[in-house]
Amino acid sequence: MEERSDYRILSLTEDPNNMLMWSHYADSHKGVALGVKPTADFAVEPVDYVAKLDLDIMQDDIIKSIFMRKLDLWKYEREHRVISNNSPFIGVEVHEIIFGINAEQTTMDLVSSVALAFNPDVSIRQLTEREIKSNLTP
């Protein structure tokens, strides 16, 4: 039987402008978000948000089905995941770099120069307050 540690998870979001995501995961808007595409034939699947995490899952791949569910309170993340148990990593191609509104210029310069050296076509931008604020209205 496979172990949980045999799996690799790539977590993605539909919404790079989400205020809470930037606050929780990007050092209060100082970090960076990467727009990526898996390089291999991995399935990108939406997370199933549920009211209760039951353990009565009757599927072929119990571990994967557990990894694909989260409580409803996380629904704002609009998360999709790639789950792999047959690869030591999930390769991605970076096609976009988005810096937080509080990112330091030295960080942006360094990351941008490295990214452009590997992929001259990568899109690079800094998130604006307008983008964040427009995302707050339902």
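Start with one pair: the side chains of Glu131 and Arg125 meet in a salt bridge, 2.9 Å from N to O. Salt bridge here means a side-chain nitrogen of Lys or Arg within 4 Å of a carboxyl oxygen of Asp or Glu. Glu131 is partly exposed, at 22% relative accessible area. Arg125 is partly exposed too, at 25%. The cut-offs: buried is under 20% relative accessible area, exposed is over 50%, and partly exposed is in between, with a 1.4 Å probe and protein chains only.

A word on the source. This is a predicted model, where local features need pLDDT of at least 70, side-chain atom pairs count only at pLDDT 80 or more, and totals for chains, interfaces and linings use all residues. Residues are numbered from 1 along each chain as its sequence is written, and side-chain values use heavy atoms, with hydrogens and water left out.

Back to the charges. How many salt bridges does a search of the whole structure find? It finds 7. Take Arg78 and Asp15: their closest N and O atoms are 3.8 Å apart. Arg78 lies in the loop between β5 and β6, and Asp15 in the loop between β1 and α1 (19-25), so this pair ties together parts that are 63 residues apart in sequence. Is Asp15 buried or exposed? Asp15 counts as buried, at 10% relative accessibility. Arg78 is partly exposed, at 38%.

Next pair. Lys70 and Glu77 form a salt bridge through their side chains, at 2.5 Å from N to O. Lys70 is buried, at 13% relative accessibility. Glu77 is buried as well, with a relative accessible area of 2%. These two belong to a network: salt bridges that share partners join Lys70, Glu77, Glu79 and Arg81.

Now the fold. The protein chain has 4 helices and 8 strands. Helices are DSSP runs of H or I with at least four residues, strands are runs of E with at least two, and both are numbered from the N terminus. Along the sequence the pattern reads β-α-β-β-β-α-β-β-β-α-β-α.

Sheet one. This is an open sheet of 3 strands in the order β1-β6-β3, with antiparallel pairing. Two strands count as paired if DSSP finds at least two bridges between them. β1 (8-13) and β3 (45-46) stand at the edges with a single partner strand each, so one side of each has no neighbour in the sheet. β1 and β6 (residues 79-84) run antiparallel and are joined by 6 bridges. Which residue in β6 is the bridge partner of Thr13? That is Glu79. Glu79 is also one of the residues in the salt-bridge network.

Sheet two. The order is β2-β7-β8, again an open sheet of 3 strands, with mixed pairing. β2 (32-38) and β8 (123-126) are the edge strands, each pairing on one side only. Neighbouring strands here are turned by 25° against each other on average, direction ignored. Axes are lines fitted to C-alpha atoms, for helices over the stretch in contact, and angles run from 0 to 180 degrees between N-to-C directions.

What makes the pairing mixed? β2 and β7 (residues 92-99) run antiparallel, with 7 bridges. β7 and β8 pair in the parallel sense, over 4 bridges. Some residue pairs to find on screen: Gly35 stands opposite Glu96 in β7. Leu34 has Ile97 in β7 as its bridge partner. Phe99 stands opposite Gln126 in β8.

One helix goes with this second sheet. Neighbouring strands, remember, are turned by 25° on average. Helix α3 (residues 105-118) packs on the sheet and touches β7 and β8, and its direction makes about 155° with that of β7. Contact means heavy atoms within 4.5 Å.

Contacts across the chain next. Residues 24 or more positions apart account for 72% of the contacts with a separation of 6 or more. Buried residues make up 33% of the 138 residues.

Last, the surface. The protein chain exposes about 9,300 Å², and carbon and sulfur atoms supply 55% of it. These areas come from the Shrake-Rupley method with a 1.4 Å probe, and for residues only the protein chains shown count as cover. Tyr25, Leu73 and Trp74 make a nonpolar surface patch of about 340 Å². Where is Trp74? Trp74 lies in the loop between β5 (69-71) and β6. Trp74 is partly exposed, at 32% relative accessibility. Patches are made of residues with over 30% relative accessible area and no salt bridge, with like charges joined within 9 Å and nonpolar side chains (Val, Leu, Ile, Met, Phe, Trp, Tyr) within 5 Å.
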